[in-house]
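Thanks for coming. I will go through one model this morning, element by element, and finish at the ligands. Please have the structure open.

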Amino acid sequence: MAKITASVFTSHVPAIGAAMDLGKTQEDYWKPLFAGYEFSKQWMKDNKPDVIFLVFNDHATAFSLDMIPTFAIGTAAEYTPADEGWGPRPVPKVKGHPELASHIAQSVIQQDFDLTIVNKMDVDHGLTVPLSLMCGELDPVKDAWPCPVIPFAVNVVQYPVPSGQRCFNLGQAIRKAVESYDEDIHVHIWGTGGMSHQLQGARAGLINREWDNAWLDQLINDPVAAAATPHIDYVREAGSEGIELVMWLIARGAMSDINDGKATGPTPKLRHRFYHVPASNTAVGHVILENP
Ligand code: DHB
Ligand code: FE
């Protein structure tokens, strides 16, 4: 049967993609950020999954105020990097995994989570920047991402957005779905977005190192408590866009220590933890956990 072997958590920022695409990663401003992903790129090579289930948010690229799915699963065979105003990023197209994605949709919907099924979707920095950080620079034509990706989009842009608790519960349903797929494959689940940042209004530029790091401690060691964080805490402490962090709870809830909403099994192995400020307007957090 399929199994989830690891979870990866990382922030996204469009400027990170631009720094990679324009050859700026060794500039003073960017060097410390990319240094935090050196371990991760090697780890990806050493622990190459068969599929990545990538939880991310679309930023009014594939969706808009015309249509706002709370949870959307990509069942397509291929996804094209989006044009976000600066032209599409020069990265490979993203291959999907329609068979596993359809199986997960079937299982998770039967477990009472109503997913939107998306057969065509362009993918923005929310998806391509985490892939670039973990896989390094790739030629858009000659290279390919290391494995197929199932994009899973969460609405964290327009209120009402799902609670961290609901995301955590959804992660458990996704794990059940993966574990009932009849093929011996290894799946990574990635939670992306966050950490503290606010892009507009009087508090634009807000960063909260202390809160971010305390939340990371909880995510790793007391995820049930992290899942109980109310919306207002994210917004107050981590800024309006800090709410992107609820997506990390989907990946954490899918790890093998979480059963029936409680942490009962052995805590996953912490392979890497990194925190850096600033990257554009955002605090960047990054964690890798492996199931025992
Ligand atoms: C930035 C951060 C984001 O999460 C985003 O979607 C766009 C921009 C930033 O820090 O610039
Ligand atoms: Fe964002």
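Start with α10, which is mostly covered, with 8 of its 8 residues buried. Buried here means under 20% relative accessible area, exposed means over 50%, and partly exposed is in between, with a 1.4 Å probe and protein chains only. The buried residues of α10 are V246, M247, W248, L249, I250, A251, R252 and G253. Helices are DSSP runs of H or I of at least four residues, strands are runs of E of at least two, and both are numbered from the N terminus.

A word on conventions: this is a predicted model, local features need pLDDT of at least 70, side-chain atom pairs count only at pLDDT 80 or more, and totals for chains, interfaces and linings use all residues. Residues are numbered from 1 along each chain as its sequence is written, chains are lettered from A and ligands numbered from 1 in the order in which they are written, and side-chain values use heavy atoms, with hydrogens and water left out.

Two strand residues touch that helix. T10 sits in strand β1, residues 3–10, and is buried at 0% relative accessibility. What does T10 touch, beyond residues up to four places away in sequence? The list is Y37, P130, L133, G191, T192, G193, W248, G285 and H286, where contact means heavy atoms within 4.5 Å. W248 in that list is one of the buried residues of α10.

The second is W190, in strand β8, residues 186–192. W190 is also buried, with a relative accessible area of 0%. Leaving aside neighbours within four places in sequence, W190 is in contact with V8, M44, I52, F53, L54, V55, P130, L131, M134 and A251. A251 belongs to the buried set of α10, and P130 appears in the contacts of T10 and in those of W190. For a sense of distance, W190 and Y29 are 161 residues apart in sequence and 26 Å apart in space, C-alpha to C-alpha.

Next, W30. This residue is in the loop between α1 (14–21) and α2 (31–35). Is W30 buried or exposed? At 8% relative accessibility, W30 counts as buried. Not counting residues up to four places away in sequence, W30 touches A15, I16, A19, K24, T25, A279 and S280. From W30 to L289 the separation is 259 residues in sequence and 25 Å in space, C-alpha to C-alpha.

Now the backbone. There is a cis peptide bond between Y159 and P160, with omega about 5°. P160 is in the loop between β7 (149–154) and α6 (164–179). Another cis bond runs from V277 to P278, with omega near 0°; P278 is in strand β11, residues 269–279.

On positive phi, D112 has a value near 80°, in a residue other than glycine. D112 lies in the loop between α4 (98–110) and β6 (116–118) and is exposed at 63% relative accessibility. D260 has phi near 50°, again positive and not glycine. That residue lies in the loop between β9 (258–259) and β10 (262–263), and at 72% relative accessibility D260 is exposed.

That leaves the ligands. Which residues coordinate the iron ion, ligand 2? They are H12 through NE2, H59 through NE2 and E244 through OE, at 2.1 to 2.2 Å. Donors are N, O and S atoms within 2.8 Å of the metal, or 3.2 Å for Na, K and Ca; water is not among the atoms, so sites may look incomplete. Along the chain the donors follow the spacing H-x46-H-x184-E. H59 is in the loop between β2 (51–56) and β3 (71–74) and E244 in the loop between α9 (231–238) and α10 (246–253), so the pair ties together parts 185 residues apart in sequence. H59 is partly exposed at 25%, whereas E244 is buried at 4% relative accessibility.

Ligand 1 is surrounded by H12, V13, P14, H59, H125, H197, L199, E244, A279, S280, N281 and T282, each with a heavy atom within 4 Å. H12, H59 and E244 are thus in this shell and among the iron donors. Oxygen atoms of ligand 1 lie 3.1 Å from a side-chain N or O atom of H12, 2.8 Å from a polar side-chain atom of H125 and 3.4 Å from one of E244. A polar contact is a pair of N or O atoms within 3.5 Å; within protein, one must be able to donate a hydrogen and the other to accept it, and residues adjacent in sequence count only if both atoms are side-chain atoms. The protein covers 89% of the 290 Å² of accessible area that ligand 1 has on its own, by the Shrake-Rupley method with a 1.4 Å probe; for residues, only the protein chains shown count as cover.
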